[in-house]
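Biologist: Hey, can you walk me through the cysteine links in this one? Here it is.

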Amino acid sequence: MRSSVMAVVLGSLVGACSTGADGTRGTLSNLSSQQVTLQSFGFWGGSFTWVSPGAALTDEQVDALDGLKLIPGNTDCLEDIQEYALVTVDAAGQEQRVVTNDQNAGCGEQVLLDYETLKPLLATLQCVGTGQASEQLSAAPTVQAGGGCQHGFFSYQGEPPRWVKVAPASVSGPHTFELLYCEGKTTGLELFDEAGAVLLAQAQADGSSASACAKLTHPLVAGQRYALRVTSQAVSMGGHVSLVIRPD
């Protein structure tokens, strides 16, 4: 972590960007960011959210944010593309938001974040998007506790449970597993040993309100791996839920 802890992360997402001779916008710099959020939207590529306080950004993430660039939008509009929204909040609480997609299609946006310059930041994240967790433990992706990820899971009638493998934080201790946005969905969490043979903890919730979500806390040992089975099935409202794993 840099000693400055990223006191300056991004620039004013529109106003402070100069325009080059080739028509592209300049890099983003000089915004004191208290929080950075990246929201991903896409049926095929997966939806997830990543949230990080400015003080928690890694050196790699600082460099990636410093390399972001804005470009003029265009009129291209495409369906079924992966979309992203980058939101920063400065020390005064002012929010700035800029969007992009994996095709740099402007669809009327005057200013667009250049997707190519977003790739280095995406490479630092271990967020699992909707549809990316596995029905089989043997094929489950590994997620890191903490890190700011809100992992996405589909929630439809009859949706099968999905597996992820969990790497704890670097220090042993209690970790909390919590689902979000569960109204109209029955949800469940089952925490196992790495092999999925020994059930360590479980929780269920009926989705009678947005906060009626499955949540459990259990001690994890640093250096070990765990298996987590997530159930989310629509009763009166489909869509998806989010999973947060954090050390306490």
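Modeller: Sure, let's go through the disulfides one by one. This is a predicted model, where local features need pLDDT of at least 70, side-chain atom pairs count only at pLDDT 80 or more, and totals for chains, interfaces and linings use all residues. Residues are numbered from 1 along each chain as its sequence is written, and side-chain values use heavy atoms, with hydrogens and water left out.

Biologist: How many disulfides does the structure hold?

Modeller: Three. A disulfide here is a pair of cysteine sulfur atoms within 2.5 Å.

Biologist: What is the S to S distance for C182 and C213?

Modeller: It's 2.3 Å. The link of C182 and C213 is right-handed, with 120° about the S-S bond. C182 sits in the loop between strand 12 (173-180) and strand 13 (185-193), and C213 in the loop between strand 14 (199-205) and strand 15 (215-220), so the pair ties together parts 31 residues apart in sequence. Strands are DSSP runs of E, at least two residues, and helices are runs of H or I, at least four, both numbered from the N terminus.

Biologist: Are C127 and C149 buried or exposed?

Modeller: Both are buried, meaning under 20% relative accessible area; exposed is over 50% and partly exposed in between (1.4 Å probe, protein chains only). Their sulfur atoms are 2.0 Å apart.

Biologist: Why is that disulfide, C127 and C149, called left-handed?

Modeller: Because the torsion about its S-S bond is about -85°.

Biologist: And what about C77?

Modeller: C77 is partly exposed at 47% relative accessibility, and C77 forms a disulfide with C107.
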